[in-house]
Amino acid sequence: MKYQFEHHFLVCTGARCNREDRGEERGEKIQETLKDLNRELGRKATVRVCKVSCLDLCDHGPNMIHYPTGEVYSHLDRDSARRAYGGEMGDGPVAEDKKLELQDEGQRSEVKAGQRP
Ligand code: FES
């Protein structure tokens, strides 16, 4: 059997990405927003928008990873998450401003200078 999903968006809803003080822009709300968008666009059969408990990138949250590209998007809110989703799905321009560039070493190092929003 071939696994049916072609894309995964893993949205962190861990404690730090989902802090209450982020209000409507926390991980849980971002995941719900993208899940709704995905359904509205009729992609539910081939695209999954999943919750994950932590991506070990807490300092940069709210975070999301797209597969199969492995691209990490950070410092997200609902609007920029929609843009990141749209860019990966070919609906619009790639959200370059939200990509997290990690150094090779263990992928837990600092972002490049000047990348913080
Ligand atoms: S809580 Fe989101 S990356 Fe750790």
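In this predicted model, the buried residues of helix 1 pack against three elements: strand 1, strand 2 and helix 2. Helix 1 is a useful place to start. It comprises 14 residues and spans 20 Å from its first C-alpha to its last, close to the 20 Å expected at 1.5 Å a residue. Its buried residues are Gly27, Ile30, Gln31, Thr33, Leu34 and Leu37. Viewed down the axis of helix 1, these buried residues fall within an arc of 160°, so they line one face of the helix. On the other side of helix 1, the residues Asp36, Arg39 and Glu40 are exposed. Just after helix 1 comes Gly42, with a positive phi of about 75°.

The strands come next. Four of them form an open sheet in the order 2-1-3-4, and the pairing is mixed. Strand 2 (47–52) and strand 4 are the edge strands, each pairing on one side only. On average, and ignoring direction, neighbouring strands of this sheet are turned by 20° against each other. In general, strands of a sheet pair through backbone hydrogen bonds, in either a parallel or an antiparallel way.

Two of the pairings can be followed in detail. Strand 1 and strand 3 run antiparallel and are joined by four bridges; His8 stands opposite Tyr67 of strand 3. Strand 3 and strand 4 also run antiparallel, with three bridges joining them. Ile65 has Val72 in strand 4 as its bridge partner. Strand 3 and strand 4 form a hairpin, with three residues between them. In the turn of this hairpin, Gly70 has a positive phi of about 75°.

What do the helices and strands share? Part of the reply is the largest nonpolar core, which has 19 residues. Val11, Leu34, Met64, Ala81 and Ala84 have the most contacts inside this core. At least two core residues come from each of strand 1 (7–12), helix 1 (27–40), strand 3 (64–67), strand 4 (71–73) and helix 2 (78–89). As a general tendency, nonpolar side chains in soluble globular proteins are buried together.

Val11 can serve as a closer view of the core. Which residues is Val11 in contact with, leaving aside its neighbours within four places in sequence? They are Gly27, Ile30, Gln31, Leu34, Val49, Cys50, Lys51, Val52 and Met64. Among these contacts, Gly27, Ile30, Gln31 and Leu34 are also among the buried residues of helix 1, and Met64 is listed with Val11 among the residues that have the most contacts inside the core.

Key: Residues numbered from 1 in each chain as written. Predicted model: local features only at pLDDT ≥ 70, side-chain atom pairs only at ≥ 80, totals over all residues. Core = buried A, V, L, I, M, F, W, Y, C linked by C-beta atoms within 7 Å. Buried ≥ 20, exposed ≤ 12 C-beta atoms within 10 Å, placed from the backbone. Contact = placed C-beta atoms within 7 Å. Pairing = 2+ DSSP bridges. Axes fitted to C-alpha atoms, helices over the stretch in contact; angles between N-to-C directions. Expected span 1.5 Å × (residues − 1). Arc of directions from axis to C-beta.
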